[in-house]
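Subject: The structure I promised you

Hello,

Here is the structure I said I would pass on to you. Have a look at it first, and then read on for what turned up in it.

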Amino acid sequence: MASGSSLLEEELSCPVCSEIFTDPVVLRCSHSFCEACLQQYWEHKGSQECPVCRRRDSNTHPPCNLSLRNTCEAFLKERSQRAEAGSEVLCSLHSEKLKLFCLEDQIPVCNICQTSKKHENHKFRPVQEVAEENKGKLRTALAPLQEKLKAFKAVKLLCDQTAEHIKSQAQHTERQIKMEFEKLQQFLKDEEAARITTLREEEEQKSQKMKEKIEKMKEEISSLSEQIRAIEEELGAEDVSFLQSYKDTQDM
């Protein structure tokens with residue numbers, strides 16, 4: 001379980017850089033950020049939105065969160081004091097403060113150790129002086145690391161934005177594809193309906209012509225049947241009667 005100090009440190013950390021707030025400013029959505037972190041985020045994002053809740057803020061220079069800044073400064077001061085108090089180590093041989101640093105053995109020693117045979121003819125310098133010198137070296141080495149970390153965070157932020165853009169672009173393209181296919185489907189349905197309508201109209205016209213042709217053929221058949229019936233009746237008549245009506249039969 002995290003300690004109370006860890007929880008407090010988490011509450012006092014900027015959501016962008018994850019460090020203790022420096023010159024914190026507060027947005028209208030109540031979220032706070034380091035002023036430099038927020039401006040850098042807005043510059044990369046291209047819009048003034050909260051890095052946490054994405055709500056837009058029209059104020060280009062958000063107000064300073066004075067209460068949070070004072071709390072952060074007090075926390076850093078207390079942490080520094082605790083570190084200083086806990087860092088004081090006494091000599092294991094003489095229980096004296098370690099005020100000197102042996103340059104030959106590269107260890108801190110007390111004033112009594114300086115006069116002992118173990119450190120005879122050794123060179124010494126004040127612990128604070130050597131510590132400051134070595135801290136300076138570390139600060140020099142730390143600077144490029146911090147710059148590299150800052151660059152990595154900037155690249156990560158850009159990658160996150162690019163990934164978000166890719167996702168948004170894919171969703172937009174998907175909607176466009178669906179719209180195009182819906183249009184295509186509607187076009188095919190309309191084309192299908194138009195062709196079926198044309199086919200049925202053509203069928204109706206051909207059927208009407210065929211009906212007319214069948215009716216005409218029925219009339220022809222009826223006429224021929226009447227002629228055949230009349231001829232057959234003549235063939236069954238007596239010879240005299242047949243001959244008397246034969247000329248009329250030929251004219252039929």
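Residues 193-234 are 100% helix and 0% strand, and the C-alpha atoms at the two ends of this span lie 61 Å apart. The UniProt record, an unreviewed entry, annotates these residues as "coiled-coil region". Please keep in mind as you look around that this is a predicted model.

A second stretch with a label from UniProt is residues 14-54, listed as "domain: RING-type", again in an unreviewed entry. Here the chain is 27% helix and 15% strand. The end C-alpha atoms of residues 14-54 are 16 Å apart.

Now for the chain as a whole. Which elements does the protein chain have, and in what order do they run from the N terminus on? The order is α-β-β-α-α-β-β-α-β-α-α, which comes to six helices and five strands.

The overall dimensions are worth a look too. The C-alpha trace spans about 180 × 45 × 35 Å along its principal axes. The radius of gyration of the protein chain is 53 Å, whereas a compact globule of 252 residues would have one near 18 Å. Of those 252 residues, 17% count as buried. The accessible surface of the protein chain is about 20000 Å², and carbon and sulfur atoms hold 54% of that. As for contacts with a separation of 6 or more, 34% of them join residues 24 or more positions apart. The protein chain carries 37 positive and 45 negative charges, and the mean positions of the two sets are 15 Å apart.

Next, some individual residues, beginning with two in and after helix α2. Lys 45 is in helix α2. Is Lys 45 buried, partly exposed or exposed? Its relative accessibility is 22%, and because buried means under 20% and exposed over 50%, Lys 45 counts as partly exposed. Apart from neighbours within four places in sequence, Lys 45 is in contact with Gln 161 and Glu 164. Gln 161 is 116 residues away from Lys 45 along the chain, yet their C-alpha atoms are separated by 7.3 Å.

Ser 47 follows in the loop between α2 (35-45) and α3 (66-87). With 14% relative accessibility, Ser 47 counts as buried. If residues up to four places away in sequence are set aside, Ser 47 touches Trp 42 and Arg 56.

Helix α3 gives a few more pairs to try in your viewer. Leu 76 is in this helix and is partly exposed, at a relative accessible area of 35%. From Leu 76 to Glu 9 it is 67 residues in sequence and 9.5 Å in space, C-alpha to C-alpha. Leu 8 lies in helix α1 (residues 4-11). With a relative accessible area of 38%, Leu 8 is partly exposed. The C-alpha atoms of Leu 8 and Cys 72 are 9.8 Å apart, with their positions 64 residues apart along the chain.

Ser 67 is also found in helix α3, and it is exposed, with a relative accessible area of 52%. How far is the C-alpha atom of Ser 67 from that of Lys 183? They are separated by 59 Å, and along the chain the two residues are 116 apart. You may like to set this beside Lys 45 and Gln 161, also 116 residues apart along the chain, with their C-alpha atoms 7.3 Å from each other.

Last come two loop residues with a backbone angle to check. Ser 30 sits in the loop between β1 (24-26) and β2 (32-34). Its phi is near 80°, which is a positive value in a residue other than glycine. At 58% relative accessibility, Ser 30 counts as exposed. Asn 121, in the loop between α4 (111-114) and β5 (124-126), has a phi near 65°, again positive in a residue other than glycine. Asn 121 is exposed as well, with a relative accessible area of 71%.

I hope you enjoy exploring it.

Best wishes

Conventions. Residues numbered from 1 in each chain as written. Predicted model: local features only at pLDDT ≥ 70, side-chain atom pairs only at ≥ 80, totals over all residues. Heavy atoms only, no water. Helix = DSSP H or I, 4+ residues; strand = E, 2+ residues; numbered from the N terminus. Rg over C-alpha atoms; globule rule 2.2 N^0.38 Å. Buried < 20%, exposed > 50% of the residue type's maximum accessible area, 1.4 Å probe, protein only. Contact = heavy atoms within 4.5 Å. Areas by Shrake-Rupley, 256 points an atom, 1.4 Å probe, with all protein chains shown as cover. Lys, Arg positive; Asp, Glu negative; His and termini not counted. Charge placed at Lys NZ, Arg CZ, Asp CG, Glu CD. UniProt positions renumbered as here; feature names shortened; annotations may be inferred.
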